Amino acid sequence: MSAGAPQSLSRRPPFPWRPSTRLAFATFIGAGLILLPLAALVMSALSLRQAAEIWPHLAAHVLPTALVQTGLLLAGVGALSAAIGVGAAWLVTQSEFPGRSALEWLLALPLALPTYITAYIYVEFMGFNGPLQGALRAATGWRSLREYWFPEPRSLPGAIVIMALVLYPYVYLSVRALFVVQSAAIIDAARTLGAGRGRLFRHVGLPLARPALAAGLTLVLLETLNDIGASEYLGIRTLTLSIYTTWLNRGSLAGASQIACVMLLLVFALLLGEARLRERRRFTISAQPDRVAARRRLGRGAGALAALACLLPVLLGAVLPVGFLIAETLRLQRLAGLDAALLGQLGNALLLAMAASLIVLALGFGIAAAARRGQERFLRLLARFAGLGYAVPGTVLALGVLIPVAAIDNLVADTLRRWFGLEVGLVLIGSGAALLVAYVARFLAIGINGIESGLSRVPPRVDDAARSLGASGGVLLRQFYWPLARPAIAAAGLLVFVDVLKELPATLLLRPLGVETLATTVYGHASRGVFEEGAPAALLIVLAGLVPAVILARTRPSQREP
Amino acid sequence: MIGKTHLSLLALSSCLLATPVLAQSVNLYTTREPALLNPVLESFTKDTGIKVNAVFLKDGLQERVRAEGANSPADLMLLVDVGEINAAVAAGITQPIKSETVDKVVPAQLRPDNNWVALTQRARIVIASKERVAQDAITYEELADPKWKGKFCIRSGQHPYNNAFFAAYLAHNGEAKAESYIKALRGNAARKPGGGDRDVARDIQSGLCDVAIINTYYIGLMSQAKNEQKGWFDAIKPLKTSFAGGGTHVNVSAVALAKNAPNKDNAVKLVDYMLGEKAQAVYANGNFEYPVNAAVKDSSAVQLLGPVTPDSLSLSEVAKHRKPAADLVDKAGFDS
């Protein structure tokens, strides 16, 4: 931890908690929210005898395949996302080519699409009746799939490509932000020393990108790991899917929880590794940039190639799926008219996403700011723990929230009835608060990570100087941390907002009676086998997510640097 | 600041999201998609003035009702698979439905001790390519015949529909035969089991396979589709399907009354209503299912597929074999 918080602080007498009771409060609530579902999960894993007899079967017939498939999927999605994300970030920050400034933000757009929606669209698009195969048959006179071969999206390679197309923006955004801020001086030095473009990328760009790559890649891998919709539809037997079948077909929630716990141990190791990597590379983050690197103008051929390379992920990850959704929406409107309930669903989705992102930011800010001062070890561990919420399969997390929250709800309802004769029903579940708890437990990690990296831009000497001038913790927070970290906080908030809009499993299980969101509507149609009828709702998810994605991509962290 | 923001946000969202609870209402937790239920629920409200608050859930409906416990607003649970229904009864979150209409309309084997009451039935049958397959009838056992090698399509063996089907096979034939059957089916598969039920029809149209297993209502819904799915329907024909010397594998959509139902009377009214001829016609025909009310003749499912003779095995018996069936599917590496 020595490389972590400034040494000068930790050697002082313990920083008094007095000015930061609110921080303590935030930390306490945050810890509770993260630990609540995890504790419920562990309890459930311990609760049943019958679970023991499931393991020999799982070990013999389920887990080997699941581990291999999950491993291959993670490796493939990780490698492809890293390649697209780092490559595109390098191109748009280091070179000048036609369309560059537009591509710089267009590259973030696939983020707005939920993985399951992109998966459905690709199965339609690449399918036998899709435009590609149709054109192929028209051109060749072939009539059936027995006469030719065509790539099948419902396969491991198909799943890797589809998921990487949706998830690479996590890498792209984080690496691009780093290139923009960091590389100028070093890269210019390397150029002066005569490094060619290839060597520059390999020996300067890649090593520079490593911490940001690790942060982005972690999100990609966790999203891949917890995915259920896309991988089930594409026929990949992942660990998450075996958790589901163990729970549903064997009626063993305990067995399912046990697999989930084992999975979480692996994830925790991954997160600790990532944190280590980040701490060791901390110096790159706190270096002070003085200007943005000059971009090299590319020749006509190289420029066209660069533009094409950056355009391809945008076309495949955003333009094609959105185009498909628009076409289906127009067709539906012609046939039946659009459902008026959509507006209400949009409202619910936006409201939930907004509330969840504000809570995540408030808690994340508190935890990250508190972690900057005393109590380091515990808070840092907690900040890492927060990542687990992101890794738990959505429904499992939702069950973990449901059980304790419902218990509180019942206690409140019974108490009010007995003492005051009031009939309030289940307040937390009925109001949507339970759903917010699940969102926060799931996405708090994004808030903490984003804000931590924002606060790391505040040099430790600011703390020292402010306090030697007698500023209280509150003043420090308001006058220094907040303005300096604001861009990072806004970015984290937008990311959470988009993620909540897309979230399905927890929303499905925990929403109050009579409340539908866009995601649940899409799912309702898809599970009847008529995904097209959910196209308008899916389109609205994407449109609502596009706005933050564009803002995210256009934020230049360098501009607000102290 | 942080604490206050947090609390006021919770309060805000509470106000905006909370659904008004009418004096006369009934709360329905359903795993059937709302689009298929709404016509019946709306006409119920119109005829009786009782509002239906429905929440569509998928995995975890049972866990939610159980966790909500004594104060759960759930009155009725509508489930679409006999395994789910039996699990809910076994979890102790239901109570028997006392209703003359139910006793009169629904045959006893479709409402064991009135713990749950079937609303509709559907069959899981074999479809085949119109072009490439000559026969019009088939037994489930015949699907394991090597003549279908590389010509058979099916969704995941762990999907509840297939799980129930394999459980029925297991109950009929015992473990050893079921194991070799499941292995033989996997050996005949043209592609890795996966996708949805409608996808097998698409794969027949594309020439990937010749025979496939599907729930009957999907055939009906595809026949009405106004897009490419109509093409899938045109490429296939339903085969008269049964166990060798037996009936066809069926499953049910059914309701159960929640143990702590706060609006019990209204809930029973809704059940009675859904069993009535009018609702049965709307609900069953809308989804091409077989109505349980025998007075509804000539349903859309019968028109399209002909009458069905259900397997003699009771659905509760089928449900008991789900777990061993799931194990066999894993053992055979069916989905990999």
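Colleague: Quick one to start: which residue stands opposite T30(B) in β2(B)?

Modeller: That would be F56(B). Keep in mind that this is a predicted model.

Colleague: Sure. How many bridges join β1(B) to β2(B), and do they run parallel or antiparallel?

Modeller: There are six bridges between β1(B) and β2(B), which covers residues 51-56 of chain B, and the two strands run parallel. To get from β1(B) to β2(B), the chain passes through helix α2, residues 34-48 of chain B, and this β-α-β crossover is right-handed.

Colleague: Which residues point which way from β1(B)?

Modeller: S25(B), N27(B) and Y29(B) point one way, while V26(B), L28(B) and T30(B) point the other way. Both sets are buried, so the strand, residues 25-30, is mostly covered, with six of its six residues buried.

Colleague: And how does β1(B) pair with β3(B)?

Modeller: In the parallel sense, over three bridges; β3(B) is residues 76-79 of chain B. Within β3(B), L76(B) is the bridge partner of L28(B).

Colleague: Let's jump to β5(B). Why is it described as largely enclosed by the rest of the structure?

Modeller: Because 13 of the 13 residues of β5(B) are buried.

Colleague: What does β5(B) pair with, then?

Modeller: Here are its antiparallel pairings. Six bridges link β5(B) to β11(B), residues 250-258, where A118(B) has A254(B) as its bridge partner. With β12(B), residues 290-291, there are two bridges, and T120(B) stands opposite P291(B) there. β8(B), residues 211-215, is joined to β5(B) by five bridges, with A212(B) as the bridge partner of I127(B). Finally, three bridges pair β5(B) with β9(B), and in that strand I236(B) is the bridge partner of S129(B).

Colleague: Nice. Now helix α9(B): which of its residues are buried?

Modeller: In α9(B), residues 228-235, the buried ones are Q229(B), W232(B), F233(B) and A235(B). They span an arc of only 165° around the axis, which means they sit on the same side of α9(B).

Colleague: What do the buried residues of α9(B) pack against?

Modeller: They pack against β5 (117-129), α7 (197-205), α8 (216-224) and β9 (236-238) of chain B. So β5(B), the strand with 13 of its 13 residues buried, turns up here again.

Colleague: Changing topic: how many residues does each chain put into the contact?

Modeller: Chain A puts in 61 residues and chain B 60 residues. On the side of chain A that touches chain B, helix α16 (residues 394-420) gives the most, with nine residues. That side of chain A divides into 29 nonpolar, 23 polar and nine charged residues.

Colleague: What else is there on chain A, say its helices and strands?

Modeller: Its secondary structure comes to 23 helices and two strands. Chain A has 562 residues, and 53% of them count as buried. Among its contacts with a separation of 6 or more, 85% are between residues 24 or more positions apart.

Colleague: Last thing, confidence. What ipTM and pTM does the predictor give the complex?

Modeller: An ipTM of 0.81 and a pTM of 0.84. For chain B the average pLDDT is 89, with 93% of the residues scoring at least 70. Over residues 1-22 of chain B, though, the pLDDT is below 50, and that stretch has 41 contacts in the model beyond near neighbours in sequence.

How values were computed: Residues are numbered from 1 along each chain as its sequence is written. Chains are lettered from A and ligands numbered from 1 in the order in which they are written. This is a predicted model: local features need pLDDT of at least 70, side-chain atom pairs count only at pLDDT 80 or more; totals for chains, interfaces and linings use all residues. A residue is buried if 20 or more other C-beta atoms lie within 10 Å of its own, exposed if 12 or fewer, and partly exposed in between; C-beta atoms are placed from the backbone. Helices (H or I, at least four residues) and strands (E, at least two) are DSSP runs, numbered from the N terminus. Two strands pair if DSSP finds at least two bridges between them. A crossover is right-handed if, with the strands pointing away from the viewer, the path from the first strand over the helix to the second runs clockwise. Two residues are in contact if their C-beta atoms, placed from the backbone, lie within 7 Å. Ala, Val, Leu, Ile, Met, Phe, Trp, Tyr, Cys and Pro count as nonpolar, Asp, Glu, Lys and Arg as charged, and the others, Gly among them, as polar. pLDDT is the predictor's confidence in each residue, from 0 to 100. The arc is that of the directions from the helix axis to the C-beta atoms.
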